[in-house]
Structures are given as structure tokens and as C-alpha cells.
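Biologist: Could you pull this one up so that we can go through it together? I have a handful of questions.

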Amino acid sequence: MFKRLLIANRGEIALRIIRACRELGISPVCVHSVADADGPWLEWADERVCIGPGPSADSYLRIDRIIAAAECTNADAIHPGYGFLAENAEFAAICRDCEIDFVGPSPEAMALLGDKVSCKRMARKAGTPVFPGTEGEIEELDEALEVAEEIGYPVIVKAAAGGGGRGMRIVSNPEELGDAVESAAQEASAAFGNGSVYVEKYLEKARHFEVQCIGDGRGDAIHLYERDCTSQRRHQKLVEEAPAPNIDPAKRDEVCASAARLIASAQYGGAATVEFLMDHEQNFYMLEVNTRVQVEHPVTEMITGVDIVREQIQVASGMPLSVKQEDISVSGHAIECRINAEDPDRNFMPQAGLIQTFDPPGGLGVRLDSHARSDYRIPPNYDSMIGKLIVHAPTRERAIERMLEALRQFRIGPMKTTISLHRRLLDRPEYRSAHFDIKWVERWLESEA
Ligand code: MV4
């Protein structure tokens, strides 16, 4: 096992990784920016290294400085967390060249699954359901027109290197397809240095379903069942839960097993998430694979009892997975609310500044993953998530009630947060009944505006 692990991240996920290190007897080292010099999580690290000014491009994204910090502190491994360099295959390759273990997949596995065209090709081979569409990237417009005609409009043009909603165009008739392909390719080329695009069937009303997998890096992988992430706004998830409500158990087992086969086929090591959309008839279609630990991993930990960050570190150190597929079962229901320092009444405007009041809830089945505390000043440079409130209860109904009371007892001030929004969201009939789709939060907020 590693002796020292460098955490190339900040905030709640840095704290989450520190906690996993301590349980494994590993010494955690943090890098941080000048803007994060007062970050409460840094108190729990054995060493801290300042790697540059506030802007991420000058600190958390500086591969050279992070590698130098790892070398100076004698770290055996680097955990990238999520965001920043977590899905950067070049960073993973540089770590390997420097003989530092990257807590994540090999650069090859990351590249194979990170490119959506190659990922889709592998998914077809593994029997993971995908949207009908072009076989690979579009080379001739005629070929795209032909496929679109065959699958029927509307279709969607997507960038092979895209993700999170960037570089997509919805097309409702053949007259628009040429322009859409051209502009999506141009945008992708500028944004990702890769202008490859592909076409697939566009699904209007969908639920967002994702399967947590862990690969051992030697061709074996397990899944930890799924999460529902349908409640989101502008590609920012607000509430996640596990297991996904209202799913036929046989279909669910089949899609989860197919996700694990895909991860295994890439010789993938570490945590991965296979994202799907689900239509109203419970047909599943893969969207993409995230090659990192995700923000919402705790809901899966709560229902399976598997410590995902611990597994990531163990696999990266060359150890086998500590659980077998047949030993994994789902117990109860978990919900996570992302607590962002944003004003839901002012278009989710970020709220930097000094936290004066921070009174968190507690009690049976209540978990808080947060780096915040009173007297902590939220810097303006990073995303506004200051914590994740997670509850676990025997049923979905009881988890909702437990979350509502935990939210009621959570006092943060003076800045606005998304706590008030969550209290209203969890009480909506769409949420309570789980009769929702990926646009439901936006429709609801629009109807109140
Ligand atoms: C889609 C889609 C409908 N049909 N693909 C958005 C982000 C990227 N991960 C893929 N996305 C979508 N791909 C097909 N064929 C709708 C979306 C989409 C979406 C997906 C998941 C969660 C929220 C979303 C919000 C808008 C659009």
C-alpha cells in the first residue's frame, strides 16, 4: 500500500480522500492555491504545498506544479478527485512517466472510454445498449443524412470529445443537418482540439440513470447498482438518489451487468460511471462513461456499504477488489442534496464570502460531506458547492422525510444557499412520485417565475 498520497483537488472531495487515506494508514498531502490557503480541509493533511494563485489554470490545472509537489513530498500516488485533471489522459500518462501511481484508470483505458465514439463502439461489443445512430464519426454528410432518415428525426449531433452538454445540436429535419454537423464540429474543434462528431437518435423525455462500476485493471469489473440523477438544472445535478425509483428489477440487473462488462472490456482500473438515459418504456441508452469518482458517489456507498474511494486507492496500489459481485446487495434508499452557495431566487447567483452561521443537522442515517464551517470564507474562484447532505433510510418515502427534516435543521448564513430550494423540490409531486424527466426542474422553476 502507498505510504503517501497527494491530493490534487480541494474542498469536500479533498476531505473525503483524506478520510480514506487515514483509514488505510496512508499519509495525505494536499496541494492548494493561494485562494484556498485557509481551506479547513488542509488542517487534516500531513503536509500542504501551495502551487499557485487562485485561478485554476494557474494552480489546480498545473500538471508541472502538481508533479513537482508530489516529488518534493515523496508521494507515491496522486488522487485527482473530480473535475480539474481527473479525466485528463495526458496527466495520467505524465504521472506514469514520473513513476507516480495515478488513482484512476490507465491513460489508455481513459482515452478509450473518454472518446464517445470509441466508447460507443466498445459498448456495442460489450452488449451495453446505445442509441441508434452513425457507426462512428461522420466523414460524409450524405452518410449522416442517410442514417438520420433511417432512425427518424429528431436526431442529435454530438462531439466525440464533448460531455456535460457541450458541442451538441438537436436537429428536427434534414435541411438543418448540414449546418448542425458543421457548427458542432467547429465548436468541438475549438473547445477540445478534436472536431469529430456523430449522430444518434434524440430522446425527448428521459430519465438520467447511471451505473457505478469499479474495475480491477486486469479485465474484471463489478457494479454497485445505479443512481438516478434526473433532478438537474442546466446540466448541474441538484439531487441524486440510489437505487433509481420505479425500475423493473430484471431490466435494471441487465443494464447494470452490461455496464460492468463494458468497464471490464477496457481493462479499466478504478471507479467509473456508465451514464444512461431511460425512456418511458424503460429502454436504456448509454450516453457516456465518466472515468473518475463522482460527486454523488456517497448515495451508492450508503446503499451498498462499499467505500468507493478506498476501493479506488486499493486498486491503484495493485490490490484486488475487496468485494465480489455476488456479495453486493442494495439496502434501503439514499438521497443526496447538493448544498451550493447560490441564490435560487436570483438565477442561482454564486454567493462568495464569509460563512458566519454553519449549524449542520445530524441523527440516524444523516451524512454530511462538507469542508465548510463557520468563519470559513468561500473563495470566488471555484464552483459553489459547499457540501453534500446525504440521508439513508429503509425506504424512499422515509428517506425523503429524513432529508426534509435534515434540511430544516441545516442553518447556513448569511449567504443564500440551495437548502431552501431542496426543501421545496423534495415536496413536489413530480419528485415524490418519481414521475419526472431531465427537464422537470427547469419546467417547475419556469412555472414559478
Ligand atoms: C442526449 C439527450 C437526448 N438524446 N442524447 C446532455 C449531456 C450529455 N451528457 C448528453 N446529454 C444528452 N444527450 C440523446 N441521444 C439529452 C441529453 C440531455 C441531458 C442528459 C442527461 C442529463 C441532463 C440532460 C439535459 C439536457 C439534455
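Modeller: Let us begin with a backbone detail, keeping in mind that this is a predicted model: His235 lies in the loop between β10 (221-233) and β11.

Biologist: What is phi of His235 near?

Modeller: Phi of His235 is near 65 degrees, which is a positive value in a residue other than glycine. Phe84 can be mentioned alongside, with a phi near 40 degrees, again positive in a residue other than glycine, and its place is in the loop between β4 (77-79) and α3.

Biologist: Is Phe84 buried or exposed?

Modeller: Neither label fits, because Phe84 has a relative accessible area of 28%, and that makes the residue partly exposed.

Biologist: Staying with the backbone, which residues does a cis peptide bond join?

Modeller: One such bond joins Tyr153 and Pro154, with omega about 0 degrees, and Pro154 sits in the loop between α6 and β6 (155-159). The peptide bond from Ala242 to Pro243 is also cis, with omega near -5 degrees, and Pro243 belongs to the loop between β11 (236-242) and α8 (249-265).

Biologist: New topic, charges. How many salt bridges does a search of the whole structure find?

Modeller: The search of the whole structure gives 32 salt bridges. One of them pairs Glu12 with Lys388, whose closest N and O atoms are 2.9 Å apart. That pair links distant parts of the chain, since Glu12 is in helix α1 (residues 11-24) and Lys388 is in strand β21 (residues 385-393), 376 residues apart.

Biologist: And why does Lys388 count as buried?

Modeller: Lys388 counts as buried because its relative accessibility is 0%, and Glu12 is buried as well, with a relative accessible area of 3%.

Biologist: Which residue does the side chain of Glu108 meet in a salt bridge?

Modeller: The partner of Glu108 is Arg96, at 2.8 Å from N to O. The two lie in distant parts of the chain, with Glu108 in helix α4 (residues 107-114) and Arg96 in helix α3 (residues 89-97), 12 residues apart. Glu108 is partly exposed at a relative accessible area of 43%, and Arg96 is partly exposed at 44%.

Biologist: What about Arg432, with which residue does it form a salt bridge?

Modeller: Arg432 forms a salt bridge with Glu401, and the closest N and O atoms are 2.8 Å apart. This pair also links distant parts of the chain, from helix α13 (residues 429-433), which holds Arg432, to helix α11 (residues 396-408), which holds Glu401, 31 residues apart. Elsewhere, salt bridges that share partners join Glu210, Arg227, Lys237, Glu240, Glu296 and Arg338 into one network.

Biologist: Which residues form a negative surface patch?

Modeller: That patch is formed by Glu137, Glu139, Glu140, Asp142, Glu146 and Glu150. Glu150 lies in helix α6 (residues 141-151) and counts as exposed because its relative accessibility is 69%.

Biologist: Last one: where is Gly365 found?

Modeller: Gly365 is in the loop between β18 (357-359) and β19 (366-369), and at 23% relative accessibility this glycine counts as partly exposed. Leaving aside neighbours within four places in sequence, Gly365 is in contact with Ile390, Val391, His392 and Arg402. The C-alpha atoms of Gly365 and Pro394 are separated by 9.6 Å, the two residues being 29 apart along the chain.

Technical notes. Residues numbered from 1 in each chain as written. Predicted model: local features only at pLDDT ≥ 70, side-chain atom pairs only at ≥ 80, totals over all residues. Heavy atoms only, no water. Patch = residues over 30% accessible without salt bridge, like charges linked within 9 Å, V, L, I, M, F, W, Y side chains within 5 Å. Areas by Shrake-Rupley, 256 points an atom, 1.4 Å probe, with all protein chains shown as cover. Salt bridge = Lys/Arg side-chain N within 4 Å of Asp/Glu carboxyl O. Lys, Arg positive; Asp, Glu negative; His and termini not counted. Charge placed at Lys NZ, Arg CZ, Asp CG, Glu CD. Helix = DSSP H or I, 4+ residues; strand = E, 2+ residues; numbered from the N terminus. Buried < 20%, exposed > 50% of the residue type's maximum accessible area, 1.4 Å probe, protein only. Contact = heavy atoms within 4.5 Å.
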